[in-house]
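Reader: Could you walk me through how a few descriptive labels are earned? I'd like to see each value set against its cut-off.

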Amino acid sequence: MSNPGDYSAVRRDIVAQLKKPDYDDGSAGPVFVRLAWHSAGTYDAESDTGGTNGAGMRYEAEGGDPANAGLQHGRAFLEPVKEKNPWITYSDLWTLAGVVAVEEMGGPKVAWKPGRTDLVDDSKVPPRGRLPDGAQGADHLRFIFYRMGFNDQEIVALAGGHNLGRCHMDRSGFEGPWVNNPTRFSNQFFKLLLKLEWKPRTLSNGVQQFNYVDPDADEDDEPLMMLPTDISLIIDPSFRPWVERYAEDKDLFFDHFAKVFAKLIELGIRRDEKGVIVNTDNVKGGYVSAAKKSNTATGPPKNEGGCPRAQGGCPRARL
Ligand code: HEM
């Protein structure tokens with residue numbers, strides 16, 4: 001059991017959870033990054049609601065959102081860390097896990113500050129429908145990310161998160177990894193977007209994505225994929241120059257990714273000059289660390305062979 005405030009101990013315990021030989025590509029890193037991003041990506045600048053403060057995914061209203069399908073695995077992988085460091089809030093733990101995972105997988109160091117609090121009930125959980133829909137295009141990306149306060153360059157840098165991990169048919173309806181080494185953070189996603197020929201493909205569940213058909217691949221090799229939103233990054237005239245720059249210059253991408261991911265996990269958080277969070281929830285309730293949850297992953301129900309939200313098809317598969 002660590003002392004309250006010993007974030008180095010928490011970091012070490014997160015690192016110890018990364019290796020997962022029986023899970024996906026052998027690492028919990030990608031799902032930790034997605035967990036941190038989804039905990040933040042509900043932010044709405046106008047109403048100043050959503051964002052990482054609160055850890056609303058502990059409640060069915062947010063955790064059970066089909067857009068969050070699969071993240072129950074990331075949350076369950078972090079339960080042993082919560083057990084060893086019960087003083088940490090889930091909102092700090094999930095954001096720190098994303099930052100540690102990026103770094104451990106070879107990515108840049110992302111600035112992280114503690115102090116988020118956990119909601120005490122689900123009354124402030126943001127409404128569903130605020131996360132992006134991979135089946136759409138550039139206008140949709142702007143609609144979603146401008147709402148959080150990002151610009152076009154930041155959207156492209158953030159989308160570079162797809163250097164990691166994979167799509168799962170029983171989670172989002174999409175299928176496959178974006179890059180050959182999905183547990184190594186790099187700028188490969190941008191290089192492949194520009195270099196390979198992406199062909200539209202309709203999956204057995206009716207969902208449309210893009211695949212690279214490698215003429216030299218063996219029959220059981222898994223094809224690389226792109227979401228329609230990823231492809232929009234090379235079609236849109238304002239996004240494309242950033243894809244080109246990040247494909248050419250890994251250091252520039254790492255620098256921009258570190259900045260934008262740090263901004264993402266701070267959305268909606270207000271701090272005083274000492275860095276102490278002054279959001280009303282924190283001021284009224286203090287740094288409330290919610291009680292530990294179960295170690296078993298429970299999440300949105302699986303829908304055999306298709307998109308979890310699909311009712312007769314998956315016309316708007318979400319991540
Ligand atoms: C630009 C809008 C985005 C869309 C439409 C989108 C969509 C998706 C979808 C459909 C999946 C597959 C989920 C599954 O089936 O398991 C996914 C996975 C993932 N996304 Fe995104 N995403 C977006 C932005 C981001 C951002 C900003 C990040 C982080 C900076 C990110 C990081 C990831 C990671 C790491 C995975 C892999 C998770 C795993 O392997 O379990 N995505 N995303």
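Author: Happy to; we will take helix pairs, buried residues and a sheet in turn. Please keep in mind that this is a predicted model.

Reader: Why are α8 and α12 called roughly perpendicular to each other?

Author: The axes of α8 (residues 152-159) and α12 (residues 250-264) cross at roughly 100°. Angles of 65 to 115 degrees count as roughly perpendicular, and therefore α8 and α12 get that description. Their axes also come within 9 Å.

Reader: Which residues of α8 and α12 meet?

Author: From α8 come E154, A157 and L158, and these meet F253, H256, F257, V260 and L264 of α12. Sorted by class, the residues of this contact are 6 nonpolar, 1 polar and 1 charged.

Reader: What makes α2 and α6 oblique to each other?

Author: Here the angle is about 135°, with the axes 8 Å apart. Roughly perpendicular covers 65 to 115 degrees, while roughly antiparallel needs over 145. The angle of about 135° fits neither range, and α2 and α6 are therefore oblique. As for handedness, the crossing of α2 and α6 is left-handed.

Reader: Which residues form that contact of α2 with α6?

Author: On the α2 side there are G29, F32, V33, L35, A36, W37 and S39. They meet S91, W94, T95, A97, G98, A101, V102 and E104 in α6. By class, that contact has 9 nonpolar, 5 polar and 1 charged residues.

Reader: R34 is an arginine, and I'd like to place it. How do you know whether R34 counts as buried or exposed?

Author: We count neighbours: R34, which sits in helix α2 (residues 29-40), has 23 C-beta neighbours inside 10 Å. The cut-off for buried is 20 or more, so R34 counts as buried.

Reader: What does R34 touch?

Author: Leaving out residues up to four places away in sequence, R34 touches L71, G74 and G165. The C-alpha atoms of R34 and G98 are separated by 7.3 Å, although their positions lie 64 residues apart along the chain.

Reader: Which residues of α10 are buried, and what do they pack against?

Author: In α10 (residues 228-235), the buried residues are P228, T229, D230, S232 and L233. They pack against several elements, including α7 (138-148), α9 (188-195) and α11 (240-248). Among their other partners are α8 and the strands β4 and β5.

Reader: That brings us to the sheet. How do you know that β3 pairs with β4, and β4 with β5?

Author: Pairing takes at least two bridges. There are 5 bridges joining β3 to β4, and 2 bridges joining β4 to β5, so both pairs qualify under that cut-off. Both pairings are antiparallel. W198 stands opposite Y212 in β4, and F210 stands opposite M226 in β5.

Reader: Why are β3 and β5 placed at the edges?

Author: The open sheet has 3 strands in the order β3-β4-β5. Each of β3 (198-202) and β5 has a single partner strand, so one side of each is left without a neighbour in the sheet.

Reader: What stands out about G206 in the hairpin of β3 and β4?

Author: G206 takes a positive phi near 90°, in a hairpin with 5 residues between the strands.

Note on methods
Residues numbered from 1 in each chain as written. Predicted model: local features only at pLDDT ≥ 70, side-chain atom pairs only at ≥ 80, totals over all residues. Axes fitted to C-alpha atoms, helices over the stretch in contact; angles between N-to-C directions. Helix = DSSP H or I, 4+ residues; strand = E, 2+ residues; numbered from the N terminus. Parallel < 35°, antiparallel > 145°, perpendicular 65-115°, else oblique. Contact = placed C-beta atoms within 7 Å. Nonpolar A, V, L, I, M, F, W, Y, C, P; charged D, E, K, R; others polar. Buried ≥ 20, exposed ≤ 12 C-beta atoms within 10 Å, placed from the backbone. Left-handed = near helix turned anticlockwise from the far one by under 90°.
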